[in-house]
Amino acid sequence: MPDKKRDIIFYEDYFNDFFLRQRQKVRDKIVWTFDLIEQMEVIPEMYLKHLEGTDGLYEIRVQQGSDIFRIFCFFDEGKLVVLLNGFQKKTQKIPKSEIQKAEKLKAAYHASKAAQNKNS
């Protein structure tokens with residue numbers, strides 16, 4: 001197996017709760033997409049795309065048949081991909097409420113990390 005270019009971690013249980021609600025074919029496609037993100041030097045935009053108008057939020061893009069899923073994430077310390085919330089996309093535009101939720105989770109991640117660093 002080639003060297004990993006980056007690592008994926010989950011923040012809290014938000015992604016895992018979403019993942020466990022999906023049918024097996026969707027889970028398999030999500031895992032396949034994660035492997036691609038961990039191993040490719042340059043990730044095609046069809047799998048990972050920066051969300052315009054956000055401070056470093058990205059969407060992992062997964063399509064299984066006609067179903068489209070998005071998983072929000074961001075990079076920490078360069079090679080660490082932190083997964084936030086996921087949802088099934090049913091419209092052309094990403095719902096603002098989903099982006100706001102991801103931004104709140106990202107802020108909470110950084111706040112908890114800062115608190116840990118302060119206490120260590």
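Biologist: Why does Phe-19 count as buried?
Modeller: This is a predicted model, and its relative accessibility for Phe-19 is 15%. Buried means under 20%. The value falls under that cut-off, so Phe-19 is buried.

Biologist: What makes Phe-15 buried?
Modeller: Its relative accessible area is 1%. That is also under 20%, so Phe-15 is buried.

Biologist: How many aromatic pairs does the count come to?
Modeller: The count comes to 11 aromatic pairs. One of them joins Phe-15 and Phe-19.

Biologist: Why is the pair of Phe-15 and Phe-19 called tilted?
Modeller: Start with the distance. The ring centres are 5.5 Å apart, and pairing needs them within 6.5 Å. Now the angle. The planes are 35 degrees apart. Stacked needs under 30 and edge-to-face needs over 60. The angle meets neither condition, so the pair is tilted.

Biologist: How do you know that Phe-15 and Phe-19 are separated by about one helical turn?
Modeller: Both belong to helix H1, residues 14–20. They are 4 residues apart there, which means about one helical turn.

Biologist: What makes Tyr-58 and Phe-75 an edge-to-face pair?
Modeller: Their centres lie 5.1 Å apart, and the planes make 85 degrees. The distance is within 6.5 Å and the angle is over 60, so the pair is edge-to-face.

Biologist: Which parts does the pair of Tyr-58 and Phe-75 tie together?
Modeller: Tyr-58 is in strand S3 (residues 58–64) and Phe-75 in strand S4 (residues 67–76). The pair therefore ties together parts 17 residues apart in sequence.

Biologist: Why is Tyr-58 called partly exposed?
Modeller: Its relative accessible area is 23%. Partly exposed lies between 20% and 50%, so Tyr-58 belongs there. Phe-75, at 28%, is partly exposed by the same reasoning.

Biologist: Which residues do ring pairs link into a cluster?
Modeller: The cluster holds Phe-10, Phe-15, Phe-18, Phe-19, Phe-34 and Phe-69.

Biologist: Where does the charged end of Arg-27 sit?
Modeller: Over the ring of Phe-19, at 5.7 Å from its centre. The cut-off for that distance is within 6 Å, so 5.7 Å passes. Lys-106 also has its charged end over a ring, that of Phe-74, 5.5 Å from the centre.

Biologist: What makes Glu-38 and Lys-4 a salt bridge?
Modeller: Their N to O distance is 3.5 Å. The limit is within 4 Å, so the pair qualifies. This pair links distant parts of the chain, 34 residues apart. Glu-38 is in helix H2 (residues 24–39), while Lys-4 is in the segment before strand S1 (7–10).

Biologist: Buried or exposed: which word fits Glu-38?
Modeller: Buried, because 12% is under 20%. Lys-4 is partly exposed at 44%.

Biologist: Which residues are linked with Lys-4 in a network of salt bridges?
Modeller: Asp-7 and Glu-38.

Biologist: How do you know that Glu-77 and Lys-113 meet in a salt bridge?
Modeller: N to O is 2.5 Å. That is within 4 Å, so the pair is a salt bridge. This pair too links distant parts of the chain: Glu-77 in the loop between S4 and strand S5 (80–89), Lys-113 in helix H3 (residues 96–119). They are 36 residues apart.

Biologist: Why is Glu-77 called exposed?
Modeller: Its relative accessible area is 63%. Exposed means over 50%, so Glu-77 is exposed. Its partner Lys-113 is at 18%, under the 20% cut-off, and therefore buried.

Key: Residues are numbered from 1 along each chain as its sequence is written. This is a predicted model: local features need pLDDT of at least 70, side-chain atom pairs count only at pLDDT 80 or more; totals for chains, interfaces and linings use all residues. Side-chain values use heavy atoms; hydrogens and water are left out. Rings of Phe, Tyr and Trp (its six-membered ring) pair if their centres lie within 6.5 Å; planes under 30 degrees apart count as stacked, over 60 as edge-to-face and the rest as tilted. Helices (H or I, at least four residues) and strands (E, at least two) are DSSP runs, numbered from the N terminus. Buried means under 20% relative accessible area, exposed over 50%, partly exposed in between (1.4 Å probe, protein chains only). A charge sits over a ring if NZ of Lys or CZ of Arg is within 6 Å of the ring centre and within 35 degrees of the ring normal. A salt bridge is a side-chain nitrogen of Lys or Arg within 4 Å of a carboxyl oxygen of Asp or Glu.
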